[in-house]
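Please open the model in your viewer and keep the selection tool at hand. The stops below go from single loop residues to the chain as a whole.

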Amino acid sequence: MQAVILAAGKGSRLHPITTNRSKAMLPILGKPIVERVMEHLVVNGIDHFILVISLDDQHIRRYFRQESQIEANVRFVYQARPLGMANALQCAAPLLSEDFMLSACDNLTSAAHIKQMLALWQAEPRPNAILTLMAVPPESAYSTGIVALNGPWVERIVEKPGPEHAPSNIASLPLYCFSPKILDYLAEVPLSPRGEYELQDAIQMLIERDGRVRGLTVERRLTLTRQADLRSINRHYLTAANDHHQ
């Protein structure tokens, strides 16, 4: 299975620490956060990565060509402008030849959750997609994709709904398994009101036309949005490392 990592974001809300490097390259105990995301996939047997990066991100190219010790094949594709996740995936599509995982570079769950996703991917009836889900406070629903469920199956996904339009308080996180079928719908995704091509629109097409889009819930995740998050994620890894050595 291949993996696509979305790493083209500038991290404007993390300024000034992203002035000279992208969000993907911010350090978590001496390794860029993008590599920490990749490590959870590598231990589960995924070793073919496509990183979607911005045209001017020389740091990430140099790091994976010269410094990284990760045991994986890493290729780069470029997203010329920040036009959303569906556009970023479309940039990677020519290199995708099989089922794949898709993750944001700033979203950390666990190797155990990845293992569970991959096991479900092989279960019958075979899904066309698996979305990572997490319950969020109702007031947070406006800032993410929210799903309507029927048992484990996703019936609807809505990107950043207002409180009156949210079908639940279950959010879709940026970590997925997909069959190549999703790629067929990317060209149909319309430009959203915020000027991006939303992946949720392609997922909704997949639900309506092919079905079998499954959800898998995770209790917690670490995400890097603000400067305080960088401190707390480093603290989490430091604590985990200390516990491991005791």
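Select Leu29 to begin: this residue sits in the loop between strand S2 (27–28) and strand S3 (31–32), where helices (H or I, at least four residues) and strands (E, at least two) are DSSP runs numbered from the N terminus. Although Leu29 is not a glycine, its phi is positive, at about 45 degrees. Its relative accessibility of 35% makes Leu29 partly exposed, on a scale where buried means under 20% relative accessible area, exposed over 50%, and partly exposed in between (1.4 Å probe, protein chains only).

The model is predicted, so that local features need pLDDT of at least 70 and side-chain atom pairs count only at pLDDT 80 or more, while totals for chains, interfaces and linings use all residues. Residues are numbered from 1 along each chain as its sequence is written, and side-chain values use heavy atoms, with hydrogens and water left out.

Move next to Arg212, in the loop between helix H5 (199–209) and strand S12 (213–217). Arg212, a residue other than glycine, also has a positive phi, near 55 degrees, and with a relative accessible area of 38% it is partly exposed.

Now select Glu124 and Pro125 together, and display the peptide bond from Glu124 to Pro125, which is cis with omega near -5 degrees. Pro125 belongs to the loop between helix H4 (111–121) and strand S8 (129–135).

For the next stop, select Cys91 and Cys105 and show their sulfur atoms. Why is Cys91 not bonded to Cys105? The sulfur of Cys105 is the closest cysteine sulfur to that of Cys91, yet it lies 15 Å away, too far for a bond; a disulfide is a pair of cysteine sulfur atoms within 2.5 Å. A search of the whole structure accordingly finds 0 disulfides. Cys91 is partly exposed at 23% relative accessibility, whereas Cys105 is buried, with a relative accessible area of 5%.

Finally, zoom out to the whole chain, whose secondary structure comes to 6 helices and 13 strands. The C-alpha trace spans about 45 × 40 × 35 Å along its principal axes, and 50% of the 246 residues count as buried. Among contacts (heavy atoms within 4.5 Å) between residues at least 6 apart in sequence, 71% join residues at least 24 apart. The radius of gyration, taken over C-alpha atoms, is 17 Å, which agrees with the value near 18 Å for a compact globule of 246 residues, under a rule of 2.2 Å times the number of residues to the power 0.38.
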